[in-house]
Amino acid sequence: METQNASLTNIDSLGEFGLIEHLTKHNETRHTTTVKSVGDDCAIIDNGNNITAITTDMLVENVHFDLIYTPLKHLGYKAVAVNLSDIAAMNVTPTHITVSIALSSKFTLEAVEELYAGIYLACEKYKIDLVGGDTTTSLSGLVISVTAWGNAQKDEVVYRNGAQENDLIFVSGDLGAAYLGLQILEREKQIFLENSKTQPDLEGNDYLLQRLLKPEPRTDVKDMLHQLNIKPTAMIDISDGLSSELLHICKQSNVGCNLYEEKIPLDPTTITVARDFNLDPSVCALNGGEDYELLFTLSMNDYDKIKGSPNFTAIGNITAVGTAMNLISSSGVITPLIAQGWNALS
Ligand code: ADP
Ligand code: MG
């Protein structure tokens with residue numbers, strides 16, 4: 001987009017993270033209760049006895065979802081899930097949400113009821129109370145903004161900036177599936193747009209589609225790690241792709257890393273379907289995003305406690321301050337880890 005005046009700056013040139021950094025670089029903290037401000041998955045506010053982790057995320061029609069293939073019930077569920085994922089990423093259990101929506105006149109009552117059926121389903125599953133929100137009109141598409149929070153003891157909280165040299169890098173679940181779910185839906189959409197009589201062919205792809213349309217936030221990881229008697233040194237949720245999230249941990253912790261491509265956990269259907277699309281399955285995991293798993297680092301001393309767990313996979317290690325952030329390919333080639341994850345402004 002051309003700007004009218006040559007002295008004005010196009011926001012596209014900054015990228016999402018550059019823009020946030022620019023807008024918040026003079027952000028002042030006036031209250032000693034603000035333990036963590038901008039820059040992590042949640043803000044952390046001290047309440048005296050414990051802390052509150054708080055986060056907000058907005059989903060915008062035709063930016064984050066396409067109503068041609070997104071059932072409204074799934075969308076409501078996902079709008080809640082992505083926020084609960086950010087709370088889980090701080091090692092906190094979410095308890096409450098508010099929900100704000102902007103609707104255009106194309107939506108019927110029945111459609112909004114479907115959206116709320118999904119919102120309430122997520123509340124039921126994750127034991128969340130919906131305690132408010134806001135409702136307004138939109139001239140274009142649907143916008144849903146959810147704010148979520150939860151309390152924890154101050155010393156339970158895990159930030160992005162605590163990774164240390166020699167720590168091990170772990171991830172929950174498997175990665176890359178949501179991106180392939182999106183590829184399948186985009187393919188079927190194109191076929192449908194060319195010939196509206198064809199029915200979408202979604203057979204056998206339930207797992208990949210569910211990972212995209214109805215992600216489950218890993219609020220269970222906090223208890224799993226507690227039972228293993230492990231507190232991660234740093235943690236983040238994987239919303240933008242493994243590369244981008246690991247770079248956030250490394251940059252904020254001021255350390256380097258080695259990430260081993262061959263260790264990235266992939267579901268068998270992710271591998272098969274990636275090949276059908278002529279995609280490299282590990283590239284889907286590195287750059288695809290929307291997996292909503294948790295990426296964390298822990299002290300090497302904790303390795304014996306976690307090594308047999310089927311829930312977590314070791315994918316690399318943290319290296320000294322000032323060293324490179326490396327991706328080591330399956331054939332042993334070392335390249336710089338780069339964030340090609342999806343950019344909300346592109
Ligand atoms: P996540 O992917 O975990 O949701 P984001 O990349 O959206 O995190 O945001 C990174 C950080 O920037 C968070 O701390 C978030 O609260 C903050 N942030 C994002 N947008 C704004 C904004 N417009 N004003 C102030 N802070 C923002
Ligand atoms: Mg996050």
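## The shell around ligand 1

The residues that form the shell around ligand 1 fall into three groups: six are charged, three are polar and three are nonpolar. Keep in mind as you look around that this is a predicted model.

Which residues surround ligand 1? Reading along the chain, they are Glu 16, Phe 17, Ile 20, Thr 24, Val 38, Gly 39, Asp 40, Asp 41, Asp 57, Asp 86, Arg 160 and Ser 239. Helix H1, which covers residues 15–24, gives the most to this shell, with four residues.

## Polar contacts with ligand 1

Now let us look at some individual atoms. Asp 40 takes part through its backbone: a polar atom there is 2.9 Å from an oxygen atom of ligand 1. Asp 41 uses its side chain instead, with a polar atom 3.0 Å from an oxygen atom of the ligand. Arg 160 also brings in a polar side-chain atom, which lies 3.2 Å from an oxygen atom of ligand 1.

How much of ligand 1 does the protein bury? On its own the ligand exposes 550 Å², and the protein buries 62% of that.

## The magnesium ion

Ligand 2 is a magnesium ion, and its protein donors are Asp 41, Asp 86 and Asp 237, each through an OD atom, lying 2.0 Å from the ion. Along the chain these donors follow the spacing D-x44-D-x150-D. Two of them link distant parts of the chain: Asp 86 sits in helix H2 and Asp 237 in strand S8 (residues 234–237), 151 residues apart.

Are Asp 86 and Asp 237 buried or exposed? Asp 86 counts as buried because its relative accessible area is 9%, under the 20% cut-off. Asp 237 is buried too, with a relative accessible area of 1%.

Two of the donors also belong to the surroundings of the other ligand: Asp 41 and Asp 86 are among the residues around ligand 1.

## The nonpolar cores

Away from the ligands, there are nonpolar cores to explore. The largest has 35 residues, and those with the most contacts inside it are Leu 75, Val 92, Ile 97, Leu 142 and Ile 144. Several elements give two or more residues to this core: strands S3 (51–60), S4 (96–103) and S6 (143–152), together with helices H2 (72–88) and H3 (109–125). Helix H2 gives the most, with seven residues. Helix H2 is also where the magnesium donor Asp 86 is found.

Another core lies apart from this one. This core has 23 residues, including Leu 247, Leu 259, Leu 286 and Ile 318.

Key:
Residues numbered from 1 in each chain as written. Chains lettered and ligands numbered in written order. Predicted model: local features only at pLDDT ≥ 70, side-chain atom pairs only at ≥ 80, totals over all residues. Heavy atoms only, no water. Near = heavy atom within 4 Å. Polar contact = N/O pair within 3.5 Å; in protein donor to acceptor, adjacent residues only side chain to side chain. Areas by Shrake-Rupley, 256 points an atom, 1.4 Å probe, with all protein chains shown as cover. Nonpolar A, V, L, I, M, F, W, Y, C, P; charged D, E, K, R; others polar. Core = buried A, V, L, I, M, F, W, Y, C linked by side-chain atoms within 4.5 Å. Buried < 20%, exposed > 50% of the residue type's maximum accessible area, 1.4 Å probe, protein only. Donors = N, O, S within 2.8 Å, 3.2 Å for Na, K, Ca; no water.
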